[in-house]
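I opened a fresh page today to look up charged pairs and ring pairs. Here is what I went through.

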Amino acid sequence: MSIAAIGACVTATAPLTEPTPSAVAPVSVGASLRSLTLTTPRAVHTATKLPDGRVLIAGGFDAAGRALSSLELFSPVADAFKAAGVMTIPRHSHTATLLADGRVLIAGGYDGTNTRTATAEIYDPRTDAIVQTGRLLAPRADHSAARLEDGRVLIVGGTGPGTSFLATAEVFDPATMLFVATGPMTEPRESNTLTTLSDGRVLVAGGHHGRAPSTVVLSTALLFDPKSGEFTPTGAMGVRRHKHDAVRLADGSVLVIAGSDERDDRGAYATAERYDPRTGTFGPAAPLAESRYKLRDTTVLMRDGRVLVSGGASRPELYSPVGGSSTTGLSFGRAPLFGTATLLDDGRVLAAGGYSLTGPASRAAWLLSLP
């Protein structure tokens, strides 16, 4: 979304009801947190783990709200960031998707003039080079992306020129380096989640369209079939939510957590629900320890099946699909919004950047080690 619009979804809509989270969550003993520093402040950036274990940090906006063209790489060997060149244009609110051959597709977002762009580029970690590729069919920002089982990349929704919200979708083919139309969705949406299921279909959940005071937050969900290129409705969530997160669990179900209603931070949720792809329905799940929103791409499935939730609140927490949530006993000292979290090959989690309700984009990053 535009910098002026970030965090600005307020309406007179009556608050939604949700289950009350547990007053006290058990503490996970043995967790540790190490502070690091990005080369530059950034939020609404992307973080992509490369095949060699490094993490590519791309774009975002800085502490003054300016779109960044800079790239940096995190080395889990040195536990440090270093500058890694620049993209062909500055961009934030874009997507970055790891391709099957190890390259990274970076697409769309807002450019240096705060205009939605249709440009796309590819970063090659073998050469540390970045080159332009075919353009998106429509300029878009705040969209979502997921790699399909056949190696193509699905691009969904977001916002377009002016105040438009997009129902359109397109697919990038690495073989041709071009985007082609697919879909569209049944209604426009952004701030949704996109999760690839075990059978190759893709779940689109929630999101919103419209600007305050006419924001419409969605409970609806869709399934994208890569074979037909079509979106079809599936069961709706129990709560309307946007600016939430989702992760596929080991059993193939999808955990959808947190987010908010039209009031943004004043309507943030602690609720969670699970989507069962066998029945096409959502059901309630144990709540989080605290409410949080603006946390997409900060929820990580750990090797033992637990879920680390690190964004949208000052304290990271561990969520068990069986036992519910437990606090880590750690604190970032601020609530990182629109940051990133990445599971490293050694089991640690890298959380990076973001801004807070009381502060601009930050250089702060953290390494979380969990028992």
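Before anything else I fixed my terms: buried means under 20% relative accessible area, exposed means over 50%, and partly exposed is in between. I also kept in mind that this is a predicted model.

**Entry 1: confidence.** I looked up the pLDDT and found that the protein chain averages 92, with 92% of the residues scoring at least 70. Residues 1-25 have a pLDDT below 50, although this stretch has 69 contacts in the model beyond near neighbours in sequence. Where pLDDT is low, the predicted coordinates should not be read in detail.

**Entry 2: salt bridges.** How many salt bridges does the structure hold? I got 25. I then picked out a few of them.

Asp251 pairs with Arg274, and their closest N and O atoms are 2.7 Å apart. Asp251 sits in the loop between β20 (245-248) and β21 (254-257) while Arg274 is in strand β22 (residues 272-276), so this salt bridge ties together parts 23 residues apart in sequence. Is Asp251 buried or exposed? Asp251 has a relative accessible area of 55%, and since exposed means over 50%, it is exposed. Arg274, at 24%, counts as partly exposed.

Next I checked Arg263 and Asp261, a salt bridge with its closest N and O atoms 2.8 Å apart. Arg263 has 18% relative accessibility and counts as buried; Asp261 is buried too, at 1%.

My third pick was Glu317 with Arg292, where the closest N and O atoms are 2.8 Å apart. This pair links distant parts of the chain, 25 residues apart: Glu317 belongs to strand β26 (residues 317-320), and Arg292 to the loop between β23 (281-285) and β24 (299-301). I found Glu317 buried at 1% relative accessible area, and Arg292 buried at 1% as well. I also noted a network, in which salt bridges with shared partners join Arg34, Asp79, Asp346 and Arg348.

**Entry 3: aromatic rings.** I counted seven aromatic pairs. In one of them, Phe224 and Phe231, the ring centres are 4.9 Å apart and the planes meet at 45°, so I logged the pair as tilted. Phe224 is buried at 1% relative accessible area, and Phe231 counts as buried at 8%.

Tyr275 and Phe282 form another tilted pair, 4.9 Å centre to centre with 50° between the planes. Here Tyr275 is buried at 1% relative accessibility, and Phe282 is buried at 14%. Last on my page is an aromatic cluster made of Phe61, Phe338 and Tyr355.

Definitions and conventions:
Residues are numbered from 1 along each chain as its sequence is written. This is a predicted model: local features need pLDDT of at least 70, side-chain atom pairs count only at pLDDT 80 or more; totals for chains, interfaces and linings use all residues. Side-chain values use heavy atoms; hydrogens and water are left out. A salt bridge is a side-chain nitrogen of Lys or Arg within 4 Å of a carboxyl oxygen of Asp or Glu. Helices (H or I, at least four residues) and strands (E, at least two) are DSSP runs, numbered from the N terminus. Buried means under 20% relative accessible area, exposed over 50%, partly exposed in between (1.4 Å probe, protein chains only). pLDDT is the predictor's confidence in each residue, from 0 to 100. Contact means heavy atoms within 4.5 Å. Rings of Phe, Tyr and Trp (its six-membered ring) pair if their centres lie within 6.5 Å; planes under 30 degrees apart count as stacked, over 60 as edge-to-face and the rest as tilted.
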